[in-house]
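User: Please take a close look at one part of this protein for me, the small open sheet and what packs on it. Then place that part within the rest of the fold.

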Amino acid sequence: MSDITLSAGVRQNLLTLQNTADMMATTQNRLATGKKVNSALDNPTNFFTSQSLGARANDLGALLDGIGNAIKTIEAADNGITAITKLVESAQSTARQALQDGSAGSGTIVESSSSISTNGLTPISGESIQDQAKRQTLSNLGFANGDTITLQTTNTGTGSVSSIAINIGTTQKTDGTGPVATVQDVLDVINASGIATAEVTDAGKLKITGSDAETVDLSIVDTGGDASTATTQATSLAASLGFGTNSNIDLSDPADGDYVDAGETAVTFTDGATAGAADTLSIVAQANPAANSSTRQKLVSQFNDILGQIDKLAADASFNGINLINSSSSKLTVAFNEKRDAATKSELKIGGEDLTSSGLSITSVTSLSDTEANTALDELSEALITLREAGSKFGSSLSTVQIRKDFTKASINTLQTGADNLVLADTNEEGANLLALQTRQQLSTTALSLSSQADQAVLRLF
């Protein structure tokens, strides 16, 4: 409408009104969006800087999910370690229970039924029965030169046989001061041989102990036996050592009468038949290995079941498909920043541990004999050390990841706050601006009306 001419006053007021309307539109847009910079046209520097800060905050926010999953994966591993530790302690209890089981594993024992005879000794005031029995001479017990005390052990597992023969009048004392002469001398020679352990109990009884896998055979040979089976010298010698009397030499009779079952003791006598021929009395205690104990057999099953549960528990200690305690080859990588190149990326790599029974070097058992039970206890003790070390490792890693999670959250907050400070509008200020602009608009409208009235004054001339 270039053919319409406005007066200078009207045009000026019209431009002012248009500028006020533009500023009101801008202010209303800021109030509607909450931002004072809505595009690069508003403020290129602030706009693109805010975009960059916001993008990094979003990238770090995306990493928080991965960090959270890592925390839960480590927690799952720690829960597994705690549970496996309890299972290992339960296995320790089972092994200790096996050691306390007296039905097997306590050794094969030959023990006299009564005290060693002290006939012929001069009593010493205050002397115990045990000390009297130890200093009793072999001659007082009826032994003569040429008689023999033989001790033999047979390992039921390997068939290995070990034996020692003590010849009265010939076998020397352990200190080399002459032939054995007392019960203590005999004990010293047997113990020095390493074949078995010999002692005199507090009650004065002779006790010989082999391992739980060995049959122990104690033989007493009289070289000068007589022709009468009723008064055999060998049985008299045995009786003087406390093994019953001439008329009652046998120990407990087994139900089946064969004396060959585990833990049973048989007493046999071989008569020389003629005067001067050797009589032999043999006391054989059958081995009672742990495998023959019903209690230990149950404990064996219990122990091996626990090992199986350790393996299953280790396999179940996973989170989101990652298991840190089932294999040493497993690995968890936690990213802490959005960089991917080796020079600037920040991450933590957590290696897995093999905390299965095999990884802990705990072997299954077959009998839980004393030896096997002690070996198992050693393995379990080492396993507990390994578990504690693994727990410490994962605990440290968990602390690190948790610290980085808190740091990432704080960084995101800082980035978002910084980005917002560059582009967000002050709603209070913009509200005041809008009110001022509305007032200005009203005034501009009034001014425009006054300018128009001035132009209309010319009509009064007509």
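Analyst: What follows starts with the sheet and then moves outward to the rest of the chain.

This is a predicted model. The protein has eight helices and twelve strands.

The sheet is open and consists of three strands, in the order E1-E5-E4. Their pairing is antiparallel. Which strands stand at the edges? They are strand E1, residues 108-111, and strand E4, residues 197-200. Each of these has a single partner strand, so one side of each is left without a neighbour in the sheet. Neighbouring strands are turned by 20° against each other on average, direction ignored.

Take the E1 side next. E1 pairs with strand E5, residues 206-210, over four bridges in the antiparallel sense. Val-110 stands opposite Ile-208 of E5. Glu-111 stands opposite Lys-207, also in E5. Helix H4, residues 183-193, packs on the sheet and touches E4 and E5. The direction of H4 makes about 160° with that of E4.

Now the E4 side. Four bridges join E4 to E5, and the two run antiparallel. In this pairing Val-200 is opposite Leu-206 of E5. E4 and E5 form a hairpin, with five residues between them. The turn holds Gly-204, whose phi is positive at about 80°. How much of E5 is covered? Four of its five residues are buried, so to speak of E5 as mostly covered is fair by the cut-off of under 20% relative accessible area. As general background, strands of a sheet pair through backbone hydrogen bonds, either parallel or antiparallel. Side chains in a regular strand alternate between the two faces of the sheet.

Next comes the packing elsewhere in the protein. The largest nonpolar core has 38 residues. Ile-84, Val-88, Phe-303, Ile-325 and Phe-394 have the most contacts inside this core. Which elements give two or more residues to the core? They are helix H2 (44-100), helix H6 (294-316), strand E11 (331-335) and helix H7 (370-423). H2 supplies the largest share, ten residues. Phe-303 shows how the packing reaches across the sequence. Leaving aside neighbours within four places in sequence, Phe-303 is in contact with Ala-91, Thr-94, Ile-362, Thr-363, Val-365, Leu-368, Ala-376 and Leu-380. Another core lies apart from the largest one and has 35 residues. Among its members are Ile-116, Ile-164, Ile-166 and Ile-190.

Helix H5, residues 233-240, is another covered element. Ala-234, Thr-235, Leu-237, Ala-238 and Ser-240 are buried in H5. What covers these buried residues? The cover includes strand E6 (214-222), strand E7 (265-270) and strand E8 (279-285). Gly-242 follows H5 and has a positive phi, near 100°.

One loop residue deserves a look as well. Asn-326 is in the loop between strand E10 (322-323) and E11. Asn-326 counts as partly exposed, because its relative accessibility is 30%. Asn-326 touches Asp-311, Ala-314, Ala-315, Glu-353, Asp-354 and Thr-356, not counting residues up to four places away in sequence. Gly-359 is 33 residues from Asn-326 in sequence, and their C-alpha atoms are 8.6 Å apart in space.

The aromatic rings come next. A search of the whole structure finds one aromatic pair. Phe-47 and Phe-48 have ring centres 5.2 Å apart and planes at 80°, so the pair is edge-to-face. Are the two partners buried or exposed? Phe-47 counts as buried, because its relative accessibility is 18%. Phe-48 counts as exposed, because its relative accessibility is 52%.

Last, the overall figures. Of the 462 residues in the protein, 38% are buried. The protein exposes about 23900 Å², and carbon and sulfur atoms supply 50% of that area. Among contacts with a separation of 6 or more, 70% join residues 24 or more positions apart.

Note on methods:
Residues numbered from 1 in each chain as written. Heavy atoms only, no water. Buried < 20%, exposed > 50% of the residue type's maximum accessible area, 1.4 Å probe, protein only. Contact = heavy atoms within 4.5 Å. Areas by Shrake-Rupley, 256 points an atom, 1.4 Å probe, with all protein chains shown as cover. Phe/Tyr/Trp six-rings, centres within 6.5 Å; stacked < 30°, edge-to-face > 60°. Pairing = 2+ DSSP bridges. Axes fitted to C-alpha atoms, helices over the stretch in contact; angles between N-to-C directions. Core = buried A, V, L, I, M, F, W, Y, C linked by side-chain atoms within 4.5 Å.
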